[in-house]
Amino acid sequence: MTHLNLIQGRSPYIKLFLWHVFIIILSNYAVQIPFEAGPVTTTWGAFTYPFIFITTDLTVRLYGPKEARKVIFLAMIPALIGSYVVGTLFEQGAFRGPDALCDFSLFVFRIALASLSAYIVGQIMDITVFSRLRRLKTWWVAPSCSSVIGNLVDTLVFFAVAFYHSPDPFMAAHWVEIALVDYAVKIMACLMLLVPIYGLLLALIAKFVFKRPLNTLNCA
């Protein structure tokens, strides 16, 4: 295999790795910014993190659970470091300048650590559920069920680790409420928007890349 072919062969994994790292960092920044939607409080992170689960499900469908786990474990440490740096520079949505990195932020570190814990547990749960259901002929069952269960585990782990007795008084007082709303928003986003997008992408890949029917994309 030539060097060019080796690079091309690794290209999908590199893109998936970068996408996972980007979404985790973005979500850990966005979760610091709560907002009120009518009578409830949620965070902007609820709208970004579900993209990770759909990306993982697509990876499992096309390359199998083993390769999906590789992407997850490769992304964890860069995502943890990146989340802490970006979260410290933009703590609670305000730019604090490079000098902020000189002072350790327990608030941001807990968010980054919670994200790492939730990411590993949630993604492994998502892969496990999706792998068991992906051979069903009805393509939407696997991503829907894995997103519902994976997001539930991820949300509970993340908010408990990040905000239980948090140094931020608002998040410490409202983390349970925010977690429940956050989960509800994630599920609505997944089922109403991201799962249909997943189906469209899968159909396009089946037709133009693998050149075979959608229901045959059940990679081991």
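Student: In helix H6, by how many residues, and by about how many helical turns, are Lys-186 and Asp-182 separated?

Tutor: This is a predicted model, in which local features need pLDDT of at least 70 and side-chain atom pairs count only at pLDDT 80 or more, while totals for chains, interfaces and linings use all residues. Residues are numbered from 1 along each chain as its sequence is written, and side-chain values use heavy atoms, with hydrogens and water left out. Helices are DSSP runs of H or I with at least four residues, numbered from the N terminus; in helix H6, Lys-186 and Asp-182 are 4 residues apart, which means a separation of about one helical turn.

Student: Which kind of contact do the side chains of Lys-186 and Asp-182 make?

Tutor: A salt bridge is a side-chain nitrogen of Lys or Arg within 4 Å of a carboxyl oxygen of Asp or Glu, and here Lys-186 and Asp-182 form one at 3.1 Å, N to O. Salt bridges with shared partners join Asp-154, Asp-182 and Lys-186 into one network.

Student: Where does Asp-154 lie relative to Lys-186 in the chain?

Tutor: Asp-154 forms a salt bridge with Lys-186, their closest N and O atoms being 3.4 Å apart; this pair links distant parts of the chain, with Asp-154 in helix H5 and Lys-186 in helix H6, 32 residues apart.

Student: Is Asp-182 buried or exposed?

Tutor: Buried means under 20% relative accessible area, exposed over 50%, and partly exposed in between, with a 1.4 Å probe and protein chains only. Asp-182 is buried at 1% relative accessibility, Asp-154 is buried at 4%, and Lys-186 is buried at 4%.

Methods: Helices (H or I, at least four residues) and strands (E, at least two) are DSSP runs, numbered from the N terminus.
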